[in-house]
Amino acid sequence: MYRHIIFDLDGTLLNTLEDLAAATNWVCALHGWPAHTVEEYKYFVGNGAPKLLERVAPPGTALTDELRRVTLAEFTERYNAHKEDRTTAYPGMPEAVRRLRDAGITLAVLSNKPHEAARPVVERYFPGLFHRVQGALPDVPVKPDPTLLHRLMEELGASPADTLFVGDSSVDIRTARNGGLVSCGVLWGFRTRQELEAEGADYIVETAQELAELILR
């Protein structure tokens with residue numbers, strides 16, 4: 001049994017897609033850019049807000065440092081104000097997380113969502129269940145770079161041998177591999193089984209209950 005579990009946030013613990021899409025489309029409207037469908041956002045998100053905004057900009061847009069700064073500030077303000085409008089925990093996840101915590105497992109979150117947004121949204125839907133929540137920080141590489149993963153593991157007293165990384169995308173599977181961890185892909189999130197298999201996920205689960213049983217076996 002693993003002693004430490006590190007979860008991705010968006011697409012793994014919480015379905016945040018509609019709120020992310022709404023905030024980003026709001027920024028697009030401010031700048032006269034075309035809006036995108038919620039389905040398209042499944043492949044725009046995952047690498048942090050700056051990359052998200054880069055992906056939604058129309059081809060040929062001159063993404064100057066000033067435009068990047070402005071759009072990021074606009075997105076951050078809008079998303080922080082509306083991050084819980086339609087966001088929900090995935091079915092069975094609160095129960096599965098509580099079951100793991102009750103079993104004495106140390107639980108943490110590592111997200112490319114900005115740190116100031118990640119912590120309150122986790123606490124809102126999973127109150128008191130996670131020992132650490134780490135979001136993206138300025139001037140620190142985001143996943144799949146392992147910098148914040150290693151920092152988080154050090155805080156937890158975790159080692160690669162006793163830690164499992166759980167996520168819904170190739171970014172998460174690559175993060176686990178870069179950190180020397182075993183990975184588990186989940187199929188209820190934003191990406192596909194094919195993506196997770198192609199990236200080399202060690203395990204793939206279809207339900208929160210299956211995830212808990214894999215960890216506790």
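**View 1. Phe7, Phe126 and Phe130 make up one aromatic cluster.** The model shown here is predicted. The structure contains four aromatic pairs in total. One of them joins Phe7 and Phe130, whose rings meet edge-to-face, with 5.8 Å from centre to centre and 90° between the planes. This pair connects distant parts of the chain, as its two members are 123 residues apart. Phe7 belongs to strand 1 (residues 4-7), whereas Phe130 lies in the loop between helix 6 (115-125) and strand 5 (132-136).

**View 2. The surroundings of Phe7 and Phe130 are described by their accessibility.** Phe7 has a relative accessibility of 0% and therefore counts as buried. Phe130 has a relative accessible area of 11%; because buried means under 20%, Phe130 is buried as well.

**View 3. Phe75 and Tyr79 form a stacked aromatic pair.** A pair of aromatic rings is described by the distance of the centres and the angle of the planes. For Phe75 and Tyr79, the centres are 5.6 Å apart and the planes differ by 5°. Because planes under 30 degrees apart count as stacked, the pair of Phe75 and Tyr79 is given that name. Both residues are part of helix 4 (residues 65-82), where four residues, about one turn of the helix, separate Phe75 from Tyr79. Phe75 and Tyr79 are both buried.

**View 4. The charged end of Arg124 sits over the ring of Tyr125.** The distance from this charged end of Arg124 to the centre of the Tyr125 ring is 4.7 Å.

Notes: Residues are numbered from 1 along each chain as its sequence is written. This is a predicted model: local features need pLDDT of at least 70, side-chain atom pairs count only at pLDDT 80 or more; totals for chains, interfaces and linings use all residues. Side-chain values use heavy atoms; hydrogens and water are left out. Rings of Phe, Tyr and Trp (its six-membered ring) pair if their centres lie within 6.5 Å; planes under 30 degrees apart count as stacked, over 60 as edge-to-face and the rest as tilted. Buried means under 20% relative accessible area, exposed over 50%, partly exposed in between (1.4 Å probe, protein chains only). A charge sits over a ring if NZ of Lys or CZ of Arg is within 6 Å of the ring centre and within 35 degrees of the ring normal.
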